[in-house]
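Hi,

Here is the structure I promised to send over. Have a look at it first, and then read on for what I found in it.

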Amino acid sequence: MSETESKHDRDQCWVVKTGSALLTDNGGGLRTEAIAAWVGQMAELRSRGFRFIVVSSGAIAEGRARLGWGMLPVSLHEQQAAAAVGQMGLVQAYESAFKEYEIRTAQILLTHDDIADRRRYLNARSTLRTLLALDVVPIINENDSVATDEIRFGDNDSLAGLVANLAEANRLVILTDQDGLYDRDPRQARNARLIRTGRAGDPALLDYAGPGGALGRGGMLTKLKAAETAAKSGTDTVICSGLEPQVLLKIAQDEQVGTLLSVQRSPLAARKQWLAGHKRPDGSLVLDDGACGVLAGQGKSLLAVGVVAVRGEFSRGEIVSCVARDGREVARGLVNYSAGEARKIQGQPSNKIEQLLGYVNEAELIHRDNMVVLDN
């Protein structure tokens, strides 16, 4: 491997989303050979320093095949039952494929509430980061067996975009049964043109999107929306055919595959806008002069030792304001401890958190990745 390749590959985190149309043989069960092919490519890229999170559809379709149902279930309770049955086969297929390369996997099932609730958001984010640090590949699916109409994502494209946010991934790869985004439906128009590049979130692209297929809930529209969501954390998206040989390797080599939807601003700028956009923090942390200087000058995480007072009541995962003694707001971010916990550990070094609380969520009160330093 060349020095250039090594630098390019280092610390690359990809979210790879696979759809039901790819994973199942027209509702006839999982295509394990396709899973094995993608896993083989991920295994090769992992040897170059890539890390992967897989967001996989297919549980309901696999459950339908296992239960011998001719038609895809329509009612919610039947879909949930099929998902519960099919999830067993889905996770077994990935586990077996990765095991061929001695790669450990973990199953994570999420609902919309897990992402919308800021405390759960931090919990899910911490779990993902820990699994990646342990060199484990998380396999994520929507928790169809318990989700209701009000809380379900509705498609795993949307879930993949949110997971890209959680992991702050470098790239979201959406594998589909189409070559990418066309300017018209290629199944109906012979002269349809493949859109090679675009800007994530560009409203003009929405006119090209069509409805979803029979097996999946998502169509090209949900894929464009997922790319827009992923872009909020600075993640580029590639929409491409999962049937393309060596597709993941080609993307890693910067070959022109599918449709690349790029982010027009840096990940830091995207995250700053999201955090700074919250007008009313749930509480505040008063910092000593040293902590203010470290945040403003060095962009480091906020440690409990630099906090002299805790104001208001807030829970883990809520947005708090970091203020100087004179009341000037210097930063804001997602806090790793509740107000009560923060009061117990304020002014204390990180190595005393477990002694004071009996447990440790994080070493930092606010991690620098979840904080924006404000200009004053």
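A word on naming before anything else: helices here are DSSP runs of H or I with at least four residues, and strands are runs of E with at least two, both numbered from the N terminus. By that scheme, R343 is found in helix α13. Please keep in mind that this is a predicted model.

Since R343 has come up, let me start there. Is R343 buried or exposed? Neither, quite: R343 has 33% relative accessibility and counts as partly exposed, because that class sits between the buried limit of 20% and the exposed limit of 50%. Leaving out residues up to four places away in sequence, R343 touches V310, R311, G312 and E313. With E313 there is a salt bridge between the side chains, at 3.2 Å from N to O. This pair links distant parts of the chain, with R343 in helix α13 (residues 339-345) and E313 in the loop between β10 (307-311) and β11 (319-323), 30 residues apart. The two side chains also show up as a polar contact at 3.2 Å. E313 itself is exposed, at 60% relative accessibility. One more distance for R343: its C-alpha is 9.6 Å from that of L285, although the two are 58 residues apart in sequence.

That brings us to the five-stranded sheet. This sheet is open, with mixed pairing, and its strand order is β10-β9-β11-β12-β13. β10 and β13 are the edge strands, each pairing on one side only. From one strand to the next, the twist averages 20°. At the β13 end, strand β12 (residues 329-334) and β13 run antiparallel and are joined by three bridges. If you want a spot to look at, G333 stands opposite M371 in β13. Helix α12 (residues 289-298) lies across β9 (284-287), β12 and β13, and runs at about 105° to β9.

Now the other sheet. Eight strands make up this open sheet, again with mixed pairing, in the order β3-β4-β2-β1-β5-β7-β8-β6. Its edge strands are β3 (105-110) and β6 (197-199), each of which pairs on one side only. Neighbouring strands here are turned by 20° against each other on average, ignoring direction. Helix α3 (residues 32-46) packs on this sheet, where it touches β1 (13-18), β2 (51-56), β4 and β5 (171-176), and the direction of α3 makes about 160° with that of β2. At the β3 edge, β3 pairs with strand β4 (residues 137-142) in the parallel sense, over six bridges. Within that pairing, A106 stands opposite P138 in β4.

On to the salt bridges. How many does the structure hold? The count is 16. One of them brings together the side chains of E44 and R48, at 3.4 Å from N to O. E44 is partly exposed there, with a relative accessible area of 37%.

Another one to look at is D369 with R129, whose closest N and O atoms are 2.9 Å apart. Why does this pair tie together parts that are 240 residues apart in sequence? Because D369 lies in the loop between α14 (353-357) and β13 (371-373), whereas R129 belongs to helix α7 (residues 118-133). Both partners are partly exposed: D369 has a relative accessible area of 24%, and R129 has 32% relative accessibility. The pair also belongs to a network of salt bridges that links R125, R129, E168 and D369.

E168 leads to the last item, helix α8 (residues 156-167), because E168 comes just after α8 and takes a positive phi of about 50°. The helix has twelve residues and spans 16 Å from its first C-alpha to its last, close to the 16 Å expected at 1.5 Å a residue. Is α8 mostly covered or mostly open? Mostly covered, with ten of its twelve residues buried. Among the buried ones are N156, D157, L159, A160 and G161, and further along the helix the list includes V163, A164, N165, L166 and A167.

Cheers

Technical notes:
Residues numbered from 1 in each chain as written. Predicted model: local features only at pLDDT ≥ 70, side-chain atom pairs only at ≥ 80, totals over all residues. Heavy atoms only, no water. Pairing = 2+ DSSP bridges. Axes fitted to C-alpha atoms, helices over the stretch in contact; angles between N-to-C directions. Contact = heavy atoms within 4.5 Å. Salt bridge = Lys/Arg side-chain N within 4 Å of Asp/Glu carboxyl O. Buried < 20%, exposed > 50% of the residue type's maximum accessible area, 1.4 Å probe, protein only. Expected span 1.5 Å × (residues − 1). Polar contact = N/O pair within 3.5 Å; in protein donor to acceptor, adjacent residues only side chain to side chain.
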